[in-house]
Every structure is written in C-alpha cells, then in structure tokens.
Amino acid sequence: MTEEENKLLTETGPATPCGELMRRYWQPAALSEEIPVGGPPLPVKLFGEELVLFRNEEGKLGLIDLHCAHRGADLSYGRLEDGGLRCIYHGWLYDVNGKVIDMPGEENGGKGFRDSICQKAYPVEERAGVIFAYMGPGKSPPFPSYGFFSVPDSHVHATKLFHDCNYLQANEGNIDLLHVSFLHFSDQDRQPPLVPPTPGKLSGRGGAPGAETTAADLTDCGLRVCKLRRISPEENYIRVLEFVMPNSCAAPARQEGGMGYLVNWHVAIDDMSHWKYLFLFNWNHPLDKDMVLRDRFTFETTPDYKSKLNKSNRYNQNRDLMKSRSYSGTGNNFQLHDLLITECAGTVQNRTREHLVASDAPLVASRKVMLKAIQDVQQGLEPPRMSMKSAANRVRNVVSLYGTIPSSMDWKSYCREKE
C-alpha cells in the first residue's frame, strides 16, 4: 500500500475523502445509557468534529456543535430548560435542531437577528441501546435494516470500548480471520474443532492448528470473508464473517439456545483513536445481559469505557500463561486480545511497511472495496448500501458462522443457503 492510499483510508476528518464516505452512513454516536432522560449534556467527538448530545425535558435528542455560536463557550456545561440547551455564558438557547430560540440578553430575546443563526446540527436515531447520527449532506437516508434493529430490545445488548488507535487497524483485524487461530487460541478455545494443545507446548507452533486457506466474496453490503481448514479427508472447519461497509463487521458469536451474531462497529473519534461499539443479539430469545458482560469483558473497564488493562501495564500479559494456557499470555478474552494487537501497531499503522502473504487476500480485497467507495463519493455517486430508497438501503441476511462442512462443498454455495 502506498502512503497516499494509507492516508485515504485512515483520515476521516471533515472534508477528507474517507471522512466524506463515513458521513454518508448512519454512525453510532453514544450509548443510550450515557445520556438518560434528565441526564447532563454529553460532549462527543465524531470523525474529528466536536459536538454535544442532549435530551430536552421531553426526552427529544439533539446533536449540535459543541461551541456556542455567540462566543464559543462549551455547551456541554449548559442548562437543560425551556425545550432546549441554554449556554451558561450569555443564556443563548438552542433547540434540538440547532436553532437559536432565545437570546435573553438582547431586546425581544434577539427576535429577528436570532433567526439568522443556526448551530450545526445532525439528525439522530435511537436504536438497540445506541444513539446514531447522520453527518452527511442533504436529507438523511433510511435507517439500515441490520438484524439487531429488528428484534426486541431484550434480545440485543450494546456496549463500547475505547481504542487508542485509528479505526482501520481494528476493523481490518476483524477481516483477518487467520489471527483467530493464533492470537485467540487458548486451553478454553470456544471454536471447536481445533487441534488440542499439547500441555506445556503452546509456545511456538505447539497448539496452533496449522495451515488454513482464506477467501472473500463481494456482496451488496461489502465483503463476505471465509477461512477453511481441513480436519479430515471428508470434512473442513469453516469460519465466516461479513464486512459491512464502511466500518463494521459481523462476526460469529457463541450463544446459548439460539442464533445471532456479534457486530464490531469502529467509529473514529479522530484519526488517532476510536470507539469500538459491540452489538450482540439473538434472534430467538432475550439475552442475559449480566452474562454477556461477564463473557465478553472479563477485564475491568473504567466508567468512561476504557480498559484498565492497557499499554501502561502491558495488558497484564503473563509469560507463564503462554507456556500452556494462552497463546497471547492474556487469558481468554477476545476483546482484550484485539485491543492489545491493534493498539500496539501504533496510533496509525504504517501499511507501506507490510509484507502481505496469500492469506491476506481478503484484507487486500477490503481495501480495494473501500478505495472504490471513496472514489465513487468523490465522483458524486452513492456509496454501497446507502440510498434514499429503503429497498436499496437494506442489509441482507448477514451470514456469520463457524462449524464444519463437507470438504466437497463450495463455501460460497454453503453461505448462500444460509442467507
């Protein structure tokens, strides 16, 4: 990858090509639990833009520019009253659409002049325990039809985790399926059938499963990625993930008593940090959310959704664990593994120094899909899966699974049967 291509894919601020692409899609802005009814305004930073999210007394949501249009004060310190958010500096009052509806220090409340001022504001939608924003031009497109938006709230759980790195390296970590058999391998591996580790020999290649093949298939939503491993002359192990444009992936997830998947949605704060939003859902029955948290986050996080295990304490890596129990030496939690490996590549990975191999073909394909979408937006075309027509804006039945298939079966045909 050239330096220019790396910048195209990693820079998401206002007026950047990738930033323009990202803004064509609904994007997570905050968890609903961060801004309850009656709670204080919440400062948020999305794709390099400083904003404030608030609920008025009626519970209506507003997402507007963080800095008051008068003298630049931080509106997250403002008062929630009279149907909007009032700046504590001079009392200017904004409604949820960014319109100035009162200037109490001016004659007649600034009527006349105030109508000429409107704070930057973005449409918001609240779904599945998350508040989404559309930051693109013109009218917002129909909301996407991901599976977890169609089930009852009791069937889905959402949370997030701060990452001290660019969004792309974490999203590409999803697409790189080969790493699952190494980075995440442990004596409690939850994706059978894997070759059982030899006690005391997890170091090196001791418990690793051996060679695997990877492949990808273009879809309306982005890219379907597969890895296969021969486990007998008659049977292959298969793992399938979907990259849904432009910054999320649906990964298979172990669940009790039903089917669903885990969505990792990587939202840039700026070019050097991002939020990983996680959505776990089940089609058939409610989730035990306490169990989900215990299962997905066996390490502690701070009240502001940051891991207490981080670069400052080397993620609590234990070299003794590497000998017999954990390939990475960091236990069994996938989220911690991924956090470590994506952050340690640097705030913005230098992809010009990579030496890619055959198993990286899906990763290369994902980059080409992204670069093509960026080019389409630059040429005034609609990006994939974003249309003002609801039918064109739908998310197909996502295929995200692991298990075994007959070695004679074509993986693409198998996945199409699962759509």
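This report describes the fold, strands, cysteines and salt bridges of a predicted model.

## Basis of the model

The structure is a predicted model, in which local features need pLDDT of at least 70 and side-chain atom pairs count only at pLDDT 80 or more, while totals for chains, interfaces and linings use all residues. Residues are numbered from 1 along each chain as its sequence is written, and side-chain values use heavy atoms, with hydrogens and water left out.

## Overall composition

The secondary structure of the chain consists of 8 helices and 19 strands. Helices (H or I, at least four residues) and strands (E, at least two) are DSSP runs, numbered from the N terminus.

Of the 419 residues in the chain, 55% are buried. Buried denotes under 20% relative accessible area, exposed over 50%, and partly exposed in between, with a 1.4 Å probe and protein chains only. The accessible surface of the chain is about 18,900 Å², and carbon and sulfur atoms account for 51% of it. Such areas come from the Shrake-Rupley method with a 1.4 Å probe; for residues, only the protein chains shown count as cover. Among contacts in the chain with a separation of 6 or more, 63% are between residues 24 or more positions apart, a contact being heavy atoms within 4.5 Å.

## The open sheet of three strands

An open sheet of 3 strands follows the order β1-β11-β10, and its pairing is antiparallel. At its edges stand β1 (26-31) and β10 (124-127); each has a single partner strand, so one side of each is left without a neighbour in the sheet. From one strand to the next, the twist averages 35 degrees. For such angles, axes are lines fitted to C-alpha atoms, for helices over the stretch in contact, and angles run from 0 to 180 degrees between N-to-C directions.

Strand β11 (residues 130-134) is joined to β1 by 5 bridges, and the two run antiparallel. Within this pairing, P28 has F132 of β11 as its bridge partner. Two strands are said to pair if DSSP finds at least two bridges between them.

## Strand β18 and its neighbours

All of β18 is covered in the sense that 10 of its 10 residues are buried. In a regular strand the side chains alternate between the two faces of the sheet. In β18, S273, W275, Y277, F279 and F281 point one way, whereas H274, K276, L278, L280 and N282 point the other way, and all are buried.

Strand β18 pairs with β12 in the antiparallel sense over 8 bridges, and H163 has H274 in β18 as its bridge partner. Strand β17 (residues 260-270) is also antiparallel to β18, with 10 bridges joining them. Here W265 is matched with Y277 of β18 as bridge partner. A hairpin is formed by β17 and β18, with 2 residues between them.

## Cysteines

The structure holds 0 disulfides, a disulfide being a pair of cysteine sulfur atoms within 2.5 Å. For C68, the closest cysteine sulfur is that of C87, at 4.0 Å, which is too far for a bond. C68 is buried, at 6% relative accessibility, and C221 is buried as well, at 1%.

## Salt bridges

The count of salt bridges is 28. A salt bridge is defined as a side-chain nitrogen of Lys or Arg within 4 Å of a carboxyl oxygen of Asp or Glu. One of them links E3 and K7, with the closest N and O atoms 4.0 Å apart. Both residues belong to helix α1 (residues 3-10) and lie 4 residues apart, about one turn of the helix. E3 is exposed, at 53% relative accessibility, while K7 is partly exposed, at 43%.

Other pairs span parts of the chain that are separated in sequence. K311 and D164 meet in a salt bridge of 3.1 Å, N to O. K311 lies in the loop between α4 (289-296) and α5 (321-324), and D164 in the loop between β12 (156-163) and α3 (167-175), so the pair ties together parts that are 147 residues apart in sequence. Both are partly exposed, K311 at 41% and D164 at 26%. D338 and K276 form a further salt bridge, their closest N and O atoms being 3.9 Å apart. Because D338 lies in helix α6 (residues 334-343) and K276 in strand β18 (residues 273-282), this pair ties together parts that are 62 residues apart in sequence. Both D338 and K276 are buried. In addition, R79, E81, D82, R86 and D102 are joined into one network by salt bridges that share partners.
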